[in-house]
Amino acid sequence: MNHSLPRTLLHERRAIRTLTLPALIRLVTEIDDNGPISHQKGSLQSAFGDLTPGQLRHAIDVARDLRLVDADEQARDRYRLTASGEALAEVYDTAARWARERQFPDASSDFVTRVQHTLQLSSSPQTTGLSLESSAPHHVLAEFLQAYPRVRQHSDVRCALPPAEAGRAA
């Protein structure tokens, strides 16, 4: 099935699958909305209390690997967005706004669900009756993937790996 798809489309789908990981959306959005996460003990867990340590660790690993966040054990601000992380936060905001205006996937959806479903419209057959083509989310996502090709290239390696379910979150 996927073997007949052009290689660039496969890379894009894998990148979108990676970028729509709920914990990654939460991590990037939290830092974008509230600033860097400090090195203070417990600050990371308090910001993401509903995520398991494994989910949080996986999100941090993916964000670091894709160079979306800088992580410095010695700095006061332990995790902060890079330029690509800030650009991705804008993609997420644009996707959520577009979805909220259309009540997509439904009127009571939360931010993460809206972002996931909207960005996944780019890579899946149109079964919802909504088209992402020529929309703001489609354009900002395409621009992001063009500006940061590492995300598209690196996603091939990461998407095949299951999220860690054990281990200590940073």
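## Thr118 in helix α6

Thr118 sits in helix α6, which covers residues 111-120. The model described here is predicted. Thr118 counts as buried because its relative accessibility is 0%, and the cut-off for buried is under 20%. A polar atom of the Thr118 side chain lies 2.7 Å from the backbone oxygen of Arg114.

## Helix α4

Helix α4 is made of 13 residues, numbers 53-65. At 1.5 Å a residue it should span 18 Å, and its end C-alpha atoms are 18 Å apart, so the expected and the computed span agree. The expected value is obtained by multiplying 1.5 Å by one less than the number of residues.

Several residues of α4 are buried: Gly54, Leu56, Arg57, His58, Ala59, Ile60, Val62 and Ala63. After α4 comes Arg67, which has a positive phi, near 60 degrees.

## Strands β1, β2 and β3

Strand β3 (residues 77-81) is joined to strand β1 (residues 37-38) by 2 bridges, and β1 and β3 run antiparallel. In this pairing, Ile37 stands opposite Tyr79 of β3.

Strand β2 (residues 69-71) is joined to β3 by 3 bridges, and this pair also runs antiparallel. Ala71 stands opposite Tyr79 in β3. Tyr79 therefore has a partner in each pairing, Ile37 and Ala71, given that strands count as paired when at least two bridges are found between them. Between β2 and β3 there are 5 residues, and the two strands form a hairpin.

Methods
Residues are numbered from 1 along each chain as its sequence is written. This is a predicted model: local features need pLDDT of at least 70, side-chain atom pairs count only at pLDDT 80 or more; totals for chains, interfaces and linings use all residues. Side-chain values use heavy atoms; hydrogens and water are left out. Helices (H or I, at least four residues) and strands (E, at least two) are DSSP runs, numbered from the N terminus. Buried means under 20% relative accessible area, exposed over 50%, partly exposed in between (1.4 Å probe, protein chains only). A polar contact is a pair of N or O atoms within 3.5 Å; within protein, one must be able to donate a hydrogen and the other to accept it, and residues adjacent in sequence count only if both atoms are side-chain atoms.
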